[in-house]
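Thanks for coming. I have one structure to go through today, so please look at the screen while I talk.

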Amino acid sequence: MLLSLRFLILTISLLACLASARDVPSNLQNLYTKLLKQKKCKHPLASGFYSTADGPNTYSYCGDHLSDFQILYIRGRGRGRLANMDVDCDGIQGGASDDGRCSIGVSADYQSTTAFQDMVAAYNVSGVKDLNTYVHPYVVFGNEVENDNNKDSRGNVFDPRAYLVEPLSVMAVVCDGGSKLVYGVWGDTNGDDGDKSMVGEASLALATACGGRAMSGSNGIDEEDVLYLAFVGSEAVPGKMGAKWDAGSFDEFERSIEGLGDQLVQRIAADGKASGMVRASWGLMIWMFVALVGGHLGFCWI
């Protein structure tokens, strides 16, 4: 009887691990490999961002595949440089799965709400007023103005919505050297951090799926081999009914968006290459104009 119980516990643990570490489909793996080999983004939508405070400002939001695959992502300059993963603890504290690794005392820059808290609350799901870093695998994407009173000292800004990426849309994250795929949602934004705008951050739930339980509010992934992939269009948004916002664990929530994530990844060509060029079109010209205006006005104009 005791042996059977141990076997059951082992089986459940194994299934939980498998849910947290899905295989990367071949088309996405081919794209990931291709991006690692490139020296830089050919069509940056916004540049001058930092991965670490003491590193270079050579990171960009990249639009190389905005037209052909309808995706955008973060990458650095130089072969093998995508982004790292700092841990964001913003949002609900003391909720489901809270084990203290992302408590207020552990995270130096904790904020009580995420950027899209109002949208999460508007779903009117019982007991869910904001995202929970322990449960929801959210990505911190985009950089907004924190203090518009001193524009001379602010860093770079970028609003993904200028390129039709919608809040709370599903994102794909490839991590652990390209061996793991995790689905999450665009759930928070970076500030402009004074004169150094940072990129590469995700919730504790997502970081744990990529790097294990050593992840915490003060410990993330240093390797710059993480691909954060955002999808253009409203079809990437699961909405109130398309995700289990009241999930009690990361595995439960990620399974609820898995189907939509799989559909979105199919946008990528089998060889991961396609044209690699942004084709000129009226739609693209409008996007570029909006991005230019948004770069001057920050997020407030939308």
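I will take the disulfides, then one helix and a strand residue beside it in the talk, and then the salt bridges.

Keep in mind throughout that this is a predicted model.

Start with the cysteines. How many disulfides does a search of the whole structure find? Three. If you number the bonded cysteines in sequence order, they pair 1-2, 3-4, 5-6.

The pair I take to begin with is Cys-41 and Cys-62, with sulfur atoms 2.2 Å apart. The link between Cys-41 and Cys-62 is right-handed, with 95° about the S-S bond. Cys-41 sits in the loop between H2 and strand E1, residues 44-49, and Cys-62 belongs to strand E2, residues 59-62, so the bond ties together parts that are 21 residues apart in sequence. Cys-41 and Cys-62 are both buried.

Next, Cys-89 and Cys-102. Here the sulfur atoms are 1.8 Å apart. The handedness for Cys-89 and Cys-102 is left, at -85° about the S-S bond. Both cysteines lie in the loop between E4 and helix H3, residues 117-122, with their positions 13 residues apart in the chain. Are they buried or exposed? Cys-89 is buried, at 0% relative accessible area, and Cys-102 is buried with a value of 0%.

That leaves Cys-175 and Cys-210, whose sulfur atoms are 2.1 Å apart. The torsion about this S-S bond is about -85°, so the disulfide of Cys-175 and Cys-210 is left-handed. The pair links distant parts of the chain, 35 residues apart: Cys-175 is in strand E6, residues 170-175, and Cys-210 is in helix H4. Cys-175 and Cys-210 are buried as well.

Cys-210 brings us to H4 itself. Helix H4 runs over residues 204-211, and seven of its eight residues are buried, so the helix is largely enclosed by the rest of the structure. Which residues of H4 are the buried ones? They are Leu-204, Ala-205, Leu-206, Ala-207, Thr-208, Ala-209 and Cys-210. After H4 comes Gly-212, with a positive phi near 90°.

Part of what surrounds H4 can be seen from Met-85. Where is Met-85 found? In strand E4, residues 83-88. Met-85 has a relative accessible area of 0%, so this residue counts as buried. Leaving out residues up to four places away in sequence, Met-85 touches Leu-206, Ala-207 and Cys-210, among others. Its other contacts include Val-173, Gly-200, Ala-202, Gly-220, Ile-221, Val-226 and Tyr-228. For Met-85 and Ala-207, the C-alpha atoms are separated by 7.1 Å, although the two residues are 122 residues apart along the chain.

Now the salt bridges. The count for the model is 10 salt bridges. I will show three of them.

Arg-22 and Glu-254 meet through their side chains, at 2.8 Å from N to O. That salt bridge links distant parts of the chain, 232 residues apart: Arg-22 is in the loop between helix H1, residues 2-20, and helix H2, residues 26-37, while Glu-254 is in helix H5, residues 250-265. Is this pair buried or exposed? Arg-22 is buried, at 12% relative accessibility, and Glu-254 is buried with a relative accessible area of 1%.

Arg-267 forms a salt bridge with Glu-235, and the closest N and O atoms are 2.9 Å apart. Arg-267 lies in the loop between H5 and helix H6, residues 282-297, and Glu-235 lies in the loop between strand E9, residues 221-231, and H5, so this bridge ties together parts that are 32 residues apart in sequence. Arg-267 is buried, at 18%, whereas Glu-235 is partly exposed, at 45% relative accessibility.

The third on my list joins Glu-252 and Lys-244, at 3.8 Å from N to O. Glu-252 is partly exposed, with a relative accessible area of 26%, and Lys-244 is partly exposed at 32%. There is also a network: salt bridges that share partners join Arg-22, Glu-254 and Glu-258.

That is what I have. Questions are welcome.

How values were computed: Residues are numbered from 1 along each chain as its sequence is written. This is a predicted model: local features need pLDDT of at least 70, side-chain atom pairs count only at pLDDT 80 or more; totals for chains, interfaces and linings use all residues. Side-chain values use heavy atoms; hydrogens and water are left out. A salt bridge is a side-chain nitrogen of Lys or Arg within 4 Å of a carboxyl oxygen of Asp or Glu. Helices (H or I, at least four residues) and strands (E, at least two) are DSSP runs, numbered from the N terminus. Buried means under 20% relative accessible area, exposed over 50%, partly exposed in between (1.4 Å probe, protein chains only). Contact means heavy atoms within 4.5 Å. A disulfide is a pair of cysteine sulfur atoms within 2.5 Å.
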